[in-house]
Amino acid sequence: MQETPEDLKELQALLDASLSGSTSHLRSIINAERTLTAEQLTHVLTGMCTLALSTVTAKGEPRISGADGHFLHGKWHFGTARDAAKARHLAARPAASVAHMRGEDLGVFTHGKVEILNPQDGEPAADWPDLLAYFKDFYGDDSFDWDNDVVYYRLHPQWMTVYAPDLAKLTSAS
C-alpha cells in the first residue's frame, strides 16, 4: 500500500459518490455489505492486477484489451507498447474504462481519463521518476527500453465502484 491519508480520503469520497449516484439496479448488487472501503481496497489491489481496458476507435467503435494494472495512490497505472492500437486510441481520445475481476470474489470498475506519464516528446509527469523506479523494480530494469518502447498512463477516475461480497474470503486468498 502506497497511499497517503489524503489519497485514501479522495478515494473513499470517489467510491461513496460513485455508488450513491449509481442506478438502483447497481446499488441492489453493490451495497454496503458487498463493497470495500478505500483502505480495504488498497490492501487487496497490490502488485500487478490484470485489467480489461476499454478504448474507442476514431469511428466510435469500442475496443477492449488487456493491460498490467498497478493500483498506486488510489489510481490505476498501466502501460503498453508505444505503437499499440490502444496507445493511438488513448492519445486521440483519453477517456477509458478499466475492470479488474477475480472470479466472483472481486470486481473493480473504473471510468475516467488517462494522463500520459512519459510522453516521448514532452515533459514527463512530476512523479514519473518514482513510478519508473517502481516499474523497473517490478518488471526488471532491462525489460524494456523504457524511454522508447513503452508508454505509461495514469487513469484519473471519475467513477469507481467495487464489488466484493466476502472480504474475509478475498483477503485469505491473497
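## Arg63 and Glu61

At 39% relative accessibility, Arg63 counts as partly exposed, because that category lies between the under 20% of buried residues and the over 50% of exposed ones. Keep in mind, as you look around, that this model is predicted. The partner of Arg63 is Glu61, and in their salt bridge the closest N and O atoms are 3.2 Å apart. Glu61 has a relative accessibility of 34%, so this residue is partly exposed too.

## More salt bridges

How many salt bridges are there? The count comes to five. One of them joins the side chains of Asp127 and Arg154, with 2.8 Å from N to O. This pair links distant parts of the chain, 27 residues apart: Asp127 sits in the loop between strand 5 (106–116) and helix 5 (128–139), while Arg154 belongs to strand 6 (residues 150–163).

Is Arg154 buried or exposed? With a relative accessible area of 9%, Arg154 is buried. Its partner Asp127 has a relative accessible area of 24%, so Asp127 is partly exposed.

Another salt bridge connects Lys136 with Asp141, where the closest N and O atoms are 3.3 Å apart. Here Lys136 is partly exposed at 27% relative accessibility, whereas Asp141, at 52%, counts as exposed. Salt bridges can also share partners, and in this way Glu115, Asp127 and Arg154 are joined into one network.

## Aromatic pairs

Now for the rings. The model has 11 aromatic pairs. Among them are Phe71 and Trp76: their ring centres are 5.0 Å apart and their planes meet at 65°, so this pair is edge-to-face. The cut-off behind that label is an angle over 60 degrees. Both Phe71 and Trp76 are buried.

Which arrangement do Tyr139 and Phe144 adopt? They form an edge-to-face pair as well, with 6.1 Å centre to centre and 70° between the planes. Tyr139 has a relative accessible area of 22%, so Tyr139 is partly exposed. Phe144 is also partly exposed, because its relative accessibility is 33%.

## An aromatic cluster

Tyr139 and Phe144 also appear in a wider group of rings. Which residues form this aromatic cluster? The members are Trp128, Tyr134, Phe135, Phe138, Tyr139, Phe144, Trp146 and Tyr152. If you would like a place to start exploring, try finding these residues in the structure above.

Note on methods:
Residues numbered from 1 in each chain as written. Predicted model: local features only at pLDDT ≥ 70, side-chain atom pairs only at ≥ 80, totals over all residues. Heavy atoms only, no water. Phe/Tyr/Trp six-rings, centres within 6.5 Å; stacked < 30°, edge-to-face > 60°. Buried < 20%, exposed > 50% of the residue type's maximum accessible area, 1.4 Å probe, protein only. Salt bridge = Lys/Arg side-chain N within 4 Å of Asp/Glu carboxyl O. Helix = DSSP H or I, 4+ residues; strand = E, 2+ residues; numbered from the N terminus.
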